[in-house]
Amino acid sequence: MWDRLRGSRAAGGGRSAAAMAQRDEKVPAAAAGESEPGAGAGAGDGAGAGAGAAAERGQSGAAAPFQPPEGGFGWVVVFAAAWCNGSIFGIHNSFGILYMMLQSDLGEGEKDPALEFKTAWVGSLAMGMIFFCSPIVSIFTDRIGCRTTAAMGATIAFIGLLSSSFTKSLEVRYFTYGILFGCGSSFAFQPSLVILGHYFKRRLGLANGIVAGGSCLISVPLPFFLKMVGGAIGLAHTFQVLSALMLIQIFLSMTYRPILTPSCDSQHDGHDKLGSRSMRQQCWAQTRKYFNLRVFRRKTYRIWAFGIATAVLGYLVPYMNLVKYVEKRFQETKKDWILLVCLGAMSGLGRLVSGRIGDCIPGLKKIYLQVASFMLLGLLCMMIPQCRGFEGVIVICLFLGLCDGFFTTIMAPIAFELVGPMQASQAIGYLMGLMAVPMTAGTPIAGYLNDYFGNYDAAFYFAGVPPIIGGLVLSVVPLVHQRMLKKQRLDSGKDKMLVSEAVVNGELLPGCPASEAHM
């Protein structure tokens, strides 16, 4: 899901470099391009701002300007990031196959009326933990670096998948697959977003495209592989095979070598300032540094975040229930994997196309593209029970995947428009945290509806309502933004709600702590 998120996180490296240069020169921390909230900054703009500030610092004699290598070893990092994205989200998006295997492994002969509800929690917990851990992973990435954080996350995910193969207890798999694999996926995934900014600036878009396209080479055929191989070797051995993907990722994470170094002067200044404070003041300063909530002061961001969180309540329902639905409704057991392949392939296409379309739409009008995606996604979910044949479901899956690619890709550019480049990384991190609860709760609710009504119709109708409501909420954001701009002009540009502030998550460069600066 996430090539534009990748671009925004990667640009964070350049932005932090700019802020550090300004801090060392004692220049007021105000980003030049942020005075207008509709400035239209992008990931590449953030990285460019960092390079520009670093160049100014080099002219003053403090340090030489940093220029990414634009390739070289960076292409190895791109391959590692593509493997990470493809394997992690390939497994998560293929949970519809694992969902059926879990029910078979538990023995449907028990006729547990709540079996659908209980089984759905396994996949929901795993996907929800990716988003829930997002703000925490950002802190770990800043403090211990991309390489250590990613390797630690891949190890945890490997342990979670491997240990899931040694139990048949659903409750134990809540922990092994839902918690361990979910948390590990989050810790392994986010550093792959940050590290690209260390190696690319001019070619950052190309690197993101390669990662998005390369990840599809793993995630798209994985449902077919699980369908063919899973039935032959069983669920336990399937978990062991999937754990091998994470084992490979542990070694690939070692390639996340940071090449941007933090400012020694700024670190010493920071330590001197902290040393003159009391323990309570130091704790409060560190807490504010890493848990900065200034983005929530913006009314437009609050509305946007609420709308997104509402819209994703039923996001995972098609991924987890379509395979089981067509098996029961159309007695299709040989080609049901095609549905997940269609979702994954069209989502990849949507990510590639929507990025270019979004660049052509000025300002916050990009939100209307997201509104259209959510509205169409909700209608398509409600149309699934109306299909009279398996082919009709395939057509709907093609458009569902396209909508998925569109709304996820445009998230980062909208964040840049709302809060400016200096706070975009925090805005996305908090948004992903807010998305965790509804994404986790959606599929268990759908499972409960299936248990209660005895079919999946109510579940798909339920999945279609939140995206429509969320789309309506999002459509208000540009109108509120324009009204606030008009008020800002009347107040001579002094409206505090719209003044962009340079917010830095501490003195360490994202993903490049002092411990890794010379490794």
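## Buried, exposed and in between

A residue is called buried when its relative accessible area is under 20%, exposed when that area is over 50%, and partly exposed in between. Let's try that out on Ser-163: its relative accessible area is 23%, so Ser-163 counts as partly exposed. One thing to keep in mind as you look around is that this is a predicted model.

Ser-163 sits in helix 7, which covers residues 146-164. Which residue can we pair with Ser-163 at a C-alpha distance of 6.3 Å? That residue is Thr-176, and the two are 13 residues apart in sequence.

## A buried arginine in helix 8

Next up is Arg-173, which you'll find in helix 8, residues 170-194. Is Arg-173 buried or exposed? With a relative accessibility of 2%, Arg-173 counts as buried, because the cut-off for that word is under 20%.

The side chain of Arg-173 has a neighbour to look for in your viewer. One of its polar atoms lies 2.5 Å from the backbone oxygen of Thr-167.

## Two residues of helix 3

Helix 3 runs over residues 74-93, and His-92 is part of this helix. Gly-74 has its place in helix 3 too. How accessible are they? Gly-74 comes out at 0% relative accessibility, so it counts as buried. His-92 has a relative accessible area of 6%, and that makes His-92 buried as well.

Now follow each of them to a residue elsewhere in the chain. Gly-74 and Leu-196 are 122 residues apart along the chain, yet their C-alpha atoms are separated by 7.5 Å. For His-92, try Ser-124: the pair is 32 residues apart in sequence, with 9.3 Å from C-alpha to C-alpha.

## Helix 20 and a far-off partner in sequence

Gln-426 belongs to helix 20, which spans residues 421-453. Its relative accessible area is 8%, so Gln-426 is another residue that counts as buried.

How many residues along the chain lie between the positions of Gln-426 and Leu-293? They are 133 residues apart, and still the distance between their C-alpha atoms is 8.4 Å.

## Two patches on the surface

Time to look at the outside. Lys-299, Arg-302, Arg-483 and Lys-487 come together on the surface as a patch of positive charge. Which elements give two or more residues to this patch? They are helix 14, residues 299-311, and helix 22, residues 477-490. Lys-487, for example, is found in helix 22.

There is also a nonpolar patch on the surface, with an area of about 300 Å². Leu-349, Leu-352, Val-353 and Ile-357 make it up. Zoom in on Ile-357, which lies in helix 16, residues 337-359. At 33% relative accessibility, Ile-357 counts as partly exposed, because that value falls between the cut-offs of 20% and 50%.

Note on methods:
Residues are numbered from 1 along each chain as its sequence is written. This is a predicted model: local features need pLDDT of at least 70, side-chain atom pairs count only at pLDDT 80 or more; totals for chains, interfaces and linings use all residues. Side-chain values use heavy atoms; hydrogens and water are left out. Patches are made of residues with over 30% relative accessible area and no salt bridge: like charges are joined within 9 Å, nonpolar side chains (Val, Leu, Ile, Met, Phe, Trp, Tyr) within 5 Å. Accessible areas come from the Shrake-Rupley method with a 1.4 Å probe; for residues, only the protein chains shown count as cover. A salt bridge is a side-chain nitrogen of Lys or Arg within 4 Å of a carboxyl oxygen of Asp or Glu. Lys and Arg count as positive and Asp and Glu as negative; His and the chain ends are not counted. The place of a charge is taken as NZ of Lys, CZ of Arg, CG of Asp or CD of Glu. Helices (H or I, at least four residues) and strands (E, at least two) are DSSP runs, numbered from the N terminus. Buried means under 20% relative accessible area, exposed over 50%, partly exposed in between (1.4 Å probe, protein chains only). A polar contact is a pair of N or O atoms within 3.5 Å; within protein, one must be able to donate a hydrogen and the other to accept it, and residues adjacent in sequence count only if both atoms are side-chain atoms.
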